[in-house]
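Hi,

Here is the structure I said I would pass on. Have a look at it first, and then read my notes below.

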Amino acid sequence: MTAQASKKQPLQESERSAGGVPFLPASADASDELMNTLRHFHLGEPGAKSTLGKVSSEFLPVSLNSFRDVSKVRYDYPLFLYPAQSGGDVLAKPLSRFLGDVVEGFAPAAESARILKDNLAWIERELCSKLQGQEAPVDAAPLVADAAEALQKQLDLKGEHVERLQADLNQLVAAVEEGGQFLGYGRLAAVYLLLHVARCKSLPRRAAFHQEIVQLAASLKALLAVEKGKTAAARKSTAIKQSIGVSSGYFNATAMSKMMNHTQGSASMAAARRKRVEAALEVLESYQSDPVLVRAVHTDKLGGALLSDAADFASVSDVDPCAVAAAAFDAEAEKLAQIFAAVRIARLESRDAYRPAIHDAWFKNFGWEGFSQEELLLLPTIVAIDNASNVATSGLCSFSQLLSSGRPVQILVRVQAHSNPAAAEGEDPFARYRVELGYLGISHRQAVVAQSSAARYEHLLTQYGLALDATCTGLHLVSTGVKSSEGGSLDPWFVASAALEGRAHPAFLINPDAGDDFASRMDFSGNPQAEHDWPNHNYSYVDADGNTVHSELSFTFADYALLIPSLKAHFGVVTEGNSADDLVPVAQWLTLPEEQANSSVPFIWAVDGNDVMQRLVISRALVIACRDRRNYWRTLQELAGVRSRYIDLAVQRASEEAQAAAAAEIEAMQSEQAEELERVRSETAGEALGRLANALVGMDLSAALPAAGTPAVATTASAAVSTEKAEPEAAAEPEAAPEPEEEEVSFDDPWIETILCTTCNDCINLNPLMFVYDDNKQAYIADATAGTFAQLVESAEFCPANCIHPGKPLNPDEPDLDDLIKRAEAYN
């Protein structure tokens, strides 16, 4: 477990401060009695709970111990919300980054606005304290102005420093755009961010649409004016005078009328068309944009938190928000259908492209199903805000119907990541397997489905922007976190972040417009260490010997559950200083075989209010919930393509097939090589035996006959007599030249089966005088005396083709011949 340790004196309890490096006391083997109690607690025996230490609100998972004091920690909130009218791509920024960017904008040099830059952190803390407890967004400019004034008083500078700082503060206050707001982290942060994105999307669309209506109305007026000019009334003196305007006094309108040709100049507009154009113009001129940009339907549980005086926002309360939101959308679409039809008719008429046979039937039944994407996005944003328990029970039917309807309504569901939304009131959330609203949403294939956390504002803004640009229903399952304890020992932002870390509320985004496969549709970003079952984090503690130990620990669903006050009963404290092999960390316990797991007790590491590390055993119900969370997490991994059993099996299959093919190929090559080697050996042996036979046939064996015994003596004598008688004749003839002796063939000489040489260079590199290549770059022995017998044996051992045969040593005085001859036997 230990990665690194450094020696220091152990801290006394009074010297340790909450949130510091935790201390792990020395431990001894737990007694059988204690282990028996722990097993009974794990299995849910009520009597075992009373014998174990109570888990108070001060206990935190080891990974979160350093975040006890939120005043010392900076995170993304408060956010600065840019005005909806700004039209920029950036909709929000964390306060710290906003202040830094603003100052850097008017004082980019390192030493400029030095006093202000050195005190930006103070201004940030001042603003955070003012926003504490604020649920709704607050206008930013007045707060920044107050913080600037407070900084001057706090520093109490003298002389020119006061003026210099004031000038910089004035620029800071002026840089805060009018309409900008600060949003703190609260239980409705996700709701307000959705409203903010809806406003930012709607305003530019409304402005562009209004401009088009003005232009189309002018076009229809011009069309009717031309038609009016074709009538006889248009050529009367009064009409001519009116058309000239203020300069009519310089003309004789009566004389001009008499001079004009009063015959019909061109065909008049058909009465049906004129009526259609006039009706469309009337609708366009009467159009008044609805000031309400967002209409929300929420349950009574939200109380008056969403009742706002903003002119662009309206909300109603109902026990079934999804059903009411669908009806509200239909009502808004019906009101705008007439104006959208008038706009389309005006576009066609201005191009003389209206065809009654085609378009009359279309506009007669024109409803929201026929709206274009641009038209659908011009409707007010309809938002149904509900809680998960209501959606999973009484509101499930209308929830599913709305998701399947295709209506571009946003459904925002506030989720408590630790609970089962389908559980009855007062029921333990682990009594049944959890109903996954996200998985249910995914089954509605033509809806944008997003699961996120208000703690990750950028991920949240991305999914809101995507859903508000789509023309289908959007589902947003958002976790905002809860107070971890009655005393608020951990900020809700960290609780919501822990839900993401502990796989209680994974982040994902399904975009049906991205494609027909999950690889294209699903965005799995935003999850920490998405390739693992549980995220792993480094942590440090001080052991009983005063060593600072650095180690790694998995953050599981059980660690997250420790932050929820209602789940404390699922934990039991192991008496300080007790340990046992059967106590297993829950992440490891979940990987054990069933038999081994049944004999072990799972636990998590936690830190109490005195910074002492302790083991907390967990109930069987919580362990089952951990396994269920891991199961759902792996399902999402597979959908996202991060981890797929199908891929693993395909890779394993491909690997086995490749290995089998390689083995078969190697076997075939070896068989082919063996056959070729046997053929070459046979041919070479045949050639050698042939050369030997030829040599034996050509040898003179008469010299060996005298050794045959007595008959040989007689033969010799007879030969002598015969020789004497023939001497005179022989003397008369010249003596014949002796025949050349046949070269003696010996199998003790070294030789190479040259045809088998693979040109490996081993023998050539060993002795290039003894071994040389022929024209085919295959080796033969040029001079056996140019090297030693040891080199011949060594080259035979190195030869991959086994084609070098050392024979017997030519030099009987060479050292170590006995060993060399023995080694050479294998190659001769």
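What follows is a short tour of an open sheet, two helix contacts and a few backbone details.

One thing before you start: this is a predicted model, so please read everything below in that light.

Let's begin with the sheet. It is open and has eight strands, in the order β9-β8-β10-β11-β13-β12-β14-β15, and the pairing is mixed. If you are wondering which strands stand at the edges, they are β9 (313-317) and β15 (522-523). Each of these has a single partner strand, so one side of each has no neighbour in the sheet. Further in, β8 (residues 294-298) and β10 (residues 381-387) run parallel and are joined by five bridges. To find that pairing on your screen, look for V297, which stands opposite A384 in β10.

Now for the helices that go with the sheet. Helix α8 packs on it and touches β8, β9, β10, β11 (410-415) and β13 (474-479). The direction of α8 makes about 170 degrees with that of β10. Helix α12 lies across β8, β10 and β11, and runs at about 175 degrees to β10.

How do α8 and α12 meet each other? The axes of α8 (residues 189-228) and α12 (residues 321-350) come within 10 Å and cross at roughly 50 degrees. An angle like that makes α8 oblique to α12, and the crossing is left-handed. On the α8 side the contact is made by F209, E212, I213, L216, S219, L220 and L223. Facing them in α12 are I339, F340, V343, A346, R347, E349 and S350. Sorted by class, this contact has nine nonpolar, two polar and three charged residues.

Helix α8 also meets α18 (residues 457-469): the two axes come within 10 Å and cross at roughly 45 degrees. Here too the angle makes α8 oblique to its partner, α18. This crossing is right-handed, whereas α8 passes α12 in a left-handed one. The α8 residues involved are A190, L193, L194, V197, A198, K201 and R205. They meet Y457, L460, L461, Y464, G465, L468 and D469 in α18. By class, the contact of α8 with α18 divides into ten nonpolar residues, one polar and three charged.

Finally, some backbone details that you could easily scroll past. The peptide bond joining Y77 and P78 is cis, with omega about 0 degrees. You will find P78 in the loop between β3 (60-61) and β4 (79-81).

There are also two positive phi values to look at. R503 has phi near 60 degrees, and R503 is a residue other than glycine. R503 sits in the loop between α19 (492-501) and β14 (508-510). Is R503 buried or exposed? Its relative accessibility is 0%, so R503 counts as buried.

The other case is D816, again a residue other than glycine with phi near 60 degrees. D816 belongs to the loop between β26 (804-805) and α29 (817-824). At 61% relative accessibility, D816 counts as exposed, while R503 is buried.

If you want a place to start, I would colour α8 and follow it along the sheet, where β8 and β10 are among the strands it touches. Then bring in α12, which lies across β8, β10 and β11.

Cheers

Key:
Residues are numbered from 1 along each chain as its sequence is written. This is a predicted model: local features need pLDDT of at least 70, side-chain atom pairs count only at pLDDT 80 or more; totals for chains, interfaces and linings use all residues. Side-chain values use heavy atoms; hydrogens and water are left out. Axes are lines fitted to C-alpha atoms, for helices over the stretch in contact, and angles run from 0 to 180 degrees between N-to-C directions. Helices (H or I, at least four residues) and strands (E, at least two) are DSSP runs, numbered from the N terminus. Angles under 35 degrees count as roughly parallel, over 145 as roughly antiparallel, 65 to 115 as roughly perpendicular and the rest as oblique. A crossing is left-handed if the near helix is turned anticlockwise from the far one by less than a right angle, and right-handed if clockwise. Contact means heavy atoms within 4.5 Å. Ala, Val, Leu, Ile, Met, Phe, Trp, Tyr, Cys and Pro count as nonpolar, Asp, Glu, Lys and Arg as charged, and the others, Gly among them, as polar. Buried means under 20% relative accessible area, exposed over 50%, partly exposed in between (1.4 Å probe, protein chains only). Two strands pair if DSSP finds at least two bridges between them.
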